[in-house]
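Keep the model open in a viewer and follow the selections in the order given. Each stop names what to select and then what is there.

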Amino acid sequence: MNPWSWEPHPEVWFLVAVILGTGWWAVRVIGPKVVSKGQLVVTVTQRRIFILAVILLFVSADWPMHDIAEDHLYSIHMLQHLLLTFVVPPLFLKSIPVWLIQLLVSEGGFGARFLRRLTHPVFAGGIFNALIAVTHWGAVVRLS
């Protein structure tokens with residue numbers, strides 16, 4: 001398969017559309033109801049970081065990077081992994097307004113306790129490495 005012939009990836013388009021729609025809904029619908037008068041719903045920096053994260057997600061998961069990474073160059077595959085695991089998620093986290101975090105994770109609630117355990121460095125590292133190992137296991141790669 002020629003990596004330069006365009007290949008559609010509608011699952012990536014759908015994911016990006018859902019992320020953009022959810023971001024729009026949070027900022028335009030929920031934010032004005034939660035944020036007090038005079039306070040910004042989202043800063044310009046948060047908006048730019050969110051857009052950068054979406055662009056990097058799209059670029060790293062769609063054509064041509066996906067096709068080159070999957071069938072031709074291992075270095076592009078590793079670049080794709082670096083973007084998807086070490087660059088895009090922190091950018092998305094950095095773009096979340098404080099009011100949204102407080103809304104989703106109330107202090108002392110189940111969500112806060114769950115996230116505190118889930119994000120403990122040893123546990124989070126174990127989850128990350130287990131997912132990388134499973135998704136690169138020969139049988140899983142051949143099945144996909």
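Start by selecting Pro 64, which sits in the loop between α2 and α3, the latter covering residues 65-71. Add Trp 63 and look at the bond joining the two: the peptide bond from Trp 63 to Pro 64 is cis, with omega near 5°. For reference, most peptide bonds are trans. This is a predicted model, so treat the geometry here as computed.

**The chain as a whole**

Zoom out and colour by secondary structure. The protein chain has 8 helices and 0 strands, and from the N terminus on the order reads α-α-α-α-α-α-α-α. Along the principal axes, the C-alpha atoms fill a box of roughly 55 × 35 × 20 Å. The radius of gyration is 18 Å, while a compact globule of 144 residues would come near 15 Å.

Switch to a surface view. The accessible surface amounts to about 10300 Å², and carbon and sulfur atoms account for 72% of that. Of the 144 residues, 26% are buried. Then select the charged side chains: 10 are positive and 7 are negative, and the centres of the two sets are 24 Å apart. Contacts can be listed too. Among those between residues at least 6 apart in sequence, 68% join residues at least 24 apart.

**Phe 50 and Phe 92**

Now show the aromatic rings. How many aromatic pairs does the count give? It comes to 4. Select Phe 50 and Phe 92: the ring centres are 5.7 Å apart and the planes are at 65°, over the 60 degrees required, so this pair is edge-to-face. Phe 50 belongs to helix α2 (residues 44-61) and Phe 92 to helix α4 (residues 74-95), so the pair ties together parts that are 42 residues apart in sequence. Are these two residues buried or exposed? Both Phe 50 and Phe 92 are buried.

Keep both rings displayed and add Ile 19, a residue of helix α1. Leaving aside neighbours within four places in sequence, Ile 19 is in contact with Phe 50, Val 54, Leu 57 and Phe 92. A distance label between the C-alpha atoms of Ile 19 and Ile 96 should read 12 Å, for two residues 77 apart in sequence.

**Phe 110 and Phe 114**

Next select Phe 110 and Phe 114. These rings also form an aromatic pair, with 5.9 Å centre to centre and 20° between the planes, and the arrangement is stacked. The two residues are 4 apart in helix α6 (residues 110-118), so about one helical turn separates them. Colour them by accessibility: Phe 110 is exposed, at a relative accessible area of 61%, whereas Phe 114 is partly exposed, at 43%.

**Val 35**

Go to Val 35, in the loop between α1 (10-34) and α2. Its relative accessibility is 10%, under the 20% limit, so Val 35 counts as buried. With neighbours within four places in sequence set aside, Val 35 is in contact with Leu 40, Val 41 and Trp 99. Label the C-alpha distance from Val 35 to Leu 100 as well: the two are 65 residues apart along the chain and separated by 9.4 Å.

**Gln 80**

Select Gln 80 in helix α4. At 9% relative accessibility, this residue counts as buried. Which residues does Gln 80 touch, not counting those up to four places away in sequence? The list is Ser 60, Ala 61, Met 65, His 66 and Ala 69.

**Phe 128**

For the last stop, select Phe 128, which lies in helix α7 (residues 121-135). Phe 128 has 30% relative accessibility and counts as partly exposed. Not counting residues up to four places away in sequence, Phe 128 touches Thr 85 and Phe 86. Finish with a C-alpha to C-alpha label from Phe 128 to Ala 69: the distance is 20 Å in space, with their positions 59 residues apart in sequence.

Terms used:
Residues numbered from 1 in each chain as written. Predicted model: local features only at pLDDT ≥ 70, side-chain atom pairs only at ≥ 80, totals over all residues. Heavy atoms only, no water. Phe/Tyr/Trp six-rings, centres within 6.5 Å; stacked < 30°, edge-to-face > 60°. Buried < 20%, exposed > 50% of the residue type's maximum accessible area, 1.4 Å probe, protein only. Rg over C-alpha atoms; globule rule 2.2 N^0.38 Å. Contact = heavy atoms within 4.5 Å. Areas by Shrake-Rupley, 256 points an atom, 1.4 Å probe, with all protein chains shown as cover. Lys, Arg positive; Asp, Glu negative; His and termini not counted. Charge placed at Lys NZ, Arg CZ, Asp CG, Glu CD.
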